[in-house]
Amino acid sequence: MEKNSSLRLVRRSPWLFHFNSGGCNGCDIEVVASLTPKYDVERLGAILTSSPKHADILVVTGPVTRQTLGSLRMIYDQIPEPKVVLAIGTCACSGGVFRGGYNVIGGVDKVLKNVICIPGCPPNPRMIYSIIKKFYENQLGGADENGSSKPEKE
Amino acid sequence: MGAVSLKRNDSSSVLTVFPESLPETVRAVISSYPHLVGITATHVANSIELIYSFDNWKGEMKHLLVSLPEKGAAVESISSQIRGAYIYEMEIRDMFGVSFIGHPLPNAKLLLPESYPQGAPPPLLKTVSLEQLMQILNEVQMQEPPSSVIPITGSSRYSVESIVILPFGPYHPALKEPEHFAIALEGEKIVEARPRIGYVHRGIEKLAETRSFLQTLFLVERVCGICSFHHSWTYTLAVENLLGISPNKKAEFLRTLVAELERIHSHSLWIGLLGYWVGFDSMFMWLWSARERIMKLLEMIAGNRVNKSFITIGGVRYDVSDEKLKVVKREISEFEKEFRRITEEVMSYGPLEERTRGIGIYHADTAISSGAVGPVLRATGVPYDIRKVEPYGAYPEVSFDVVTGNRGDVLTIAEVRVKETFESIGIIQQLVEKMPSGNPVPSAFFMGTSKDGEAFARTEPPRGELYYYIRGKVGMRNPYRVKIRTPTLPNLVLASEAIKGYTLSDVPLILTMIDPCFSCEDRAIVYINRKEPFIVKLPRAAPQGIGLGCSL
């Protein structure tokens, strides 16, 4: 995919809204750890916001359960355009180890568009940092016509 | 120790009880065995078997076996004698369709998604397969898209004007996990808090029955990401007991080492978050940056920071070299200095003490009748720690104190957790000193089949006693039944009791003083039917049927 530098996926200081869609807490604490002094994504202007209306990136952790699906859609709709969804952890990417459970729908890409998947159980804060840095430096391509986008290699 | 097999013919620990005589038997048992560890239900050929497990604070357990017919299973509720029992009963009612006579919430539904149809079979019955359940639930979802509205807080239902029902969550900035609380306020004072949990329910107990023993190990590790090692350890202890496998001494030491590192990371995480909840952000940042040292050690030992997958049936997956142990020793003493400096500074900081002292006061009696475990219980002076009362791993070989407090409130719990962290540091130093030699890695992963039998295991994760029950059937590759009783569940009963009478601004502090891990309990827990009206009556006397905080 050719890079279109005139088109930014999100603004330079991406603000995050964290949504636990049924995860085990492992990815959640790694997201929080990436905000704390050692990794410190806040130096890229990324902060965890409490309101979806202020957010650019929806960070989803965990497989989507039947009970959270409604809230996930509602919160996604409240985030202003342009927006991207960051599925953090294998469960958010595909359902992971819980795939096949009666209360589990599956990965986030089953219910939302424009999902960037970061697999790992959980992904390291270094990984989360490097993805947010790519947003900051605008190194991620836009969505293709299927609505899915992937991290692009340098 | 740590894991014991259930011997049904041993009348000193197992009593077979007729359903009619359950209440009086429980009444007799709780006078000497006051702690209800859990209620386990299993579906076996046309009947549902209930096991009520009690403890006498000394690690001696008493089990009451009750067998009920599958069709129309009903038994008297014991929640009038032990308050915390009602939440276990709700779980069983939902998962097995057993009805409990005299239960304070007779119509409330538990744990299942809102879309779960009334007539559908309870999910943990052996007669219904995972595929059938999926088919039923998918059909319902096609017809009726899930609503995003939080149902139980509609205030139009309340005629009392002075009461306001405030929705708290499920996606609230103070909670990192999705849980909803309907908080009934009179002015600024909390009259009642009614949690509605179940957002993170993934059906792990059902999934475990479809996977082999080794696969289930990785599944139960992901019950909770913070005490992940304790979940896999408790499961392994039970399986090893069932199959008659015993790991060597070095494996026991390494398991204990990782478990104590996990306790330090979990406690410093919570103490840091306490700073975040009281608005002391520097405290949060300091403790989390100190915690990174422990995470680095875990990554060095196990290759992953959070879900470590370090343990396996019969041993551990990787040996830890002497060079790495030296690094552990060096880093842990560095951590101790850093942690001591930070905690001395923050715990003596006046505003923090002022904000947390006397908030969420509860007494030992309340804690015991709620079934509370872990630091929350120990803060009231009950020295109940599974590491001492039922030693497992390498705990018999190290010396440490059980930290207790003298009153239950947020500050005492914080102090207990700080002192426990220092005890864990001491344990790790002793473990590294005394580390035996040998190969802790089993020659092959366990891929075999089960024996007939049942076993349970208990450990002490950072949040308190964790209980696993495993049942095997001869020749089966999968466990027949895996039952998990997580510490947050009884602790939440306590928290929703302790919150009454405090102001709205104390809600995040009191709800989180138990260090809640909702993903733990949501593998099988609370869901309250929206159709059941949330009634608040004045005067202040807690009415019947009002949710978790109801008086029983």
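Biologist: Which elements do the buried residues of α1(A) pack against?

Modeller: A good place to start, with the reminder that this is a predicted model. Within chain A, the buried residues of α1 pack against β1 (16-20), β2 (57-61), β4 (84-88) and α4 (125-136). In chain B, the partners are α7 (249-278) and α8. Helix α1 of chain A covers residues 26-33, and eight of its eight residues are buried. Among them are C27(A), I29(A), V31(A) and V32(A), together with the charged D28(A) and E30(A).

Biologist: What comes just before that helix, in the loop between β1 and α1 of chain A?

Modeller: N25(A) lies in that loop. Its phi is positive, about 95°, although N25(A) is not a glycine. N25(A) also counts as buried, at 3% relative accessibility.

Biologist: How many helices and strands does chain A have in total?

Modeller: Chain A has four helices and six strands. Read from the N terminus, they follow the order β-α-β-β-α-β-α-β-β-α. Of the 154 residues in chain A, 61% are buried. As for its contacts with a separation of 6 or more, 80% join residues 24 or more positions apart. The surface that chain A exposes is about 6100 Å², with 50% of it supplied by carbon and sulfur atoms.

Biologist: Where are the cis peptide bonds that precede P82(A) and P122(A)?

Modeller: Both prolines sit in loops of chain A. P82(A) is in the loop between α2 (69-78) and β4, and the bond to it from E81(A) has omega near -5°. P122(A) is in the loop between β6 (115-118) and α4, where the cis bond from C121(A) has an omega of about -15°.

Biologist: Let's turn to rings. What describes a pair of aromatic rings?

Modeller: Two quantities do: the distance of the centres and the angle of the planes. Over all chains, the search finds 18 aromatic pairs. One of them joins F229(B) and F310(B), a tilted pair at 6.4 Å centre to centre with 45° between the planes. F229(B) belongs to helix α6 (residues 228-243) and F310(B) to the loop between α8 (281-302) and β11 (311-312), so this pair ties together parts of chain B that are 81 residues apart in sequence. Both F229(B) and F310(B) are buried.

Biologist: Which pair is edge-to-face, with 65° between the planes?

Modeller: That is Y235(B) with Y468(B), 6.5 Å centre to centre. Y235(B) is in helix α6 and Y468(B) in strand β14 (residues 466-472) of chain B, 233 residues apart. The relative accessible area is 0% for Y235(B), and Y468(B) likewise has 0%.

Biologist: Which residues form one aromatic cluster with F229(B) and F310(B)?

Modeller: The other members are W233(B), Y318(B), Y392(B), Y395(B) and F400(B).

Biologist: What sits over the ring of F98(A)?

Modeller: The charged end of R202(B) does, 4.7 Å from the ring centre, and this contact runs from chain B to chain A. Within chain B, R291(B) lies over the face of W288(B), at 4.4 Å from the ring centre.

Biologist: How do I check the length of a helix such as α8(B)?

Modeller: Compare the expected span with the end-to-end distance. At 1.5 Å a residue, the 22 residues of α8(B) should span 32 Å, and the end C-alpha atoms are 31 Å apart, which agrees. Just after this helix, G303(B) has a positive phi of about 90°.

Biologist: Is V75(B) buried or exposed?

Modeller: V75(B) is buried, with a relative accessible area of 2%. This valine is found in strand β6 (residues 74-76) of chain B. Beyond four places in sequence, it touches residues including P19(B), L22(B), L50(B), Y52(B) and F100(B).

Biologist: Where in chain B does pLDDT stay under 50?

Modeller: One such stretch is residues 148-159, for which the model has 29 contacts beyond four places in sequence. Another is residues 524-552, with 110 such contacts. Chain B has a mean pLDDT of 84, and 89% of its residues reach 70 or more. For the complex, the predictor gives an ipTM of 0.87 and a pTM of 0.89.

Technical notes
Residues numbered from 1 in each chain as written. Chains lettered and ligands numbered in written order. Predicted model: local features only at pLDDT ≥ 70, side-chain atom pairs only at ≥ 80, totals over all residues. Heavy atoms only, no water. pLDDT = per-residue confidence, 0-100. Contact = heavy atoms within 4.5 Å. Phe/Tyr/Trp six-rings, centres within 6.5 Å; stacked < 30°, edge-to-face > 60°. Helix = DSSP H or I, 4+ residues; strand = E, 2+ residues; numbered from the N terminus. Buried < 20%, exposed > 50% of the residue type's maximum accessible area, 1.4 Å probe, protein only. Lys NZ or Arg CZ within 6 Å of the ring centre and 35° of its normal. Areas by Shrake-Rupley, 256 points an atom, 1.4 Å probe, with all protein chains shown as cover. Expected span 1.5 Å × (residues − 1).
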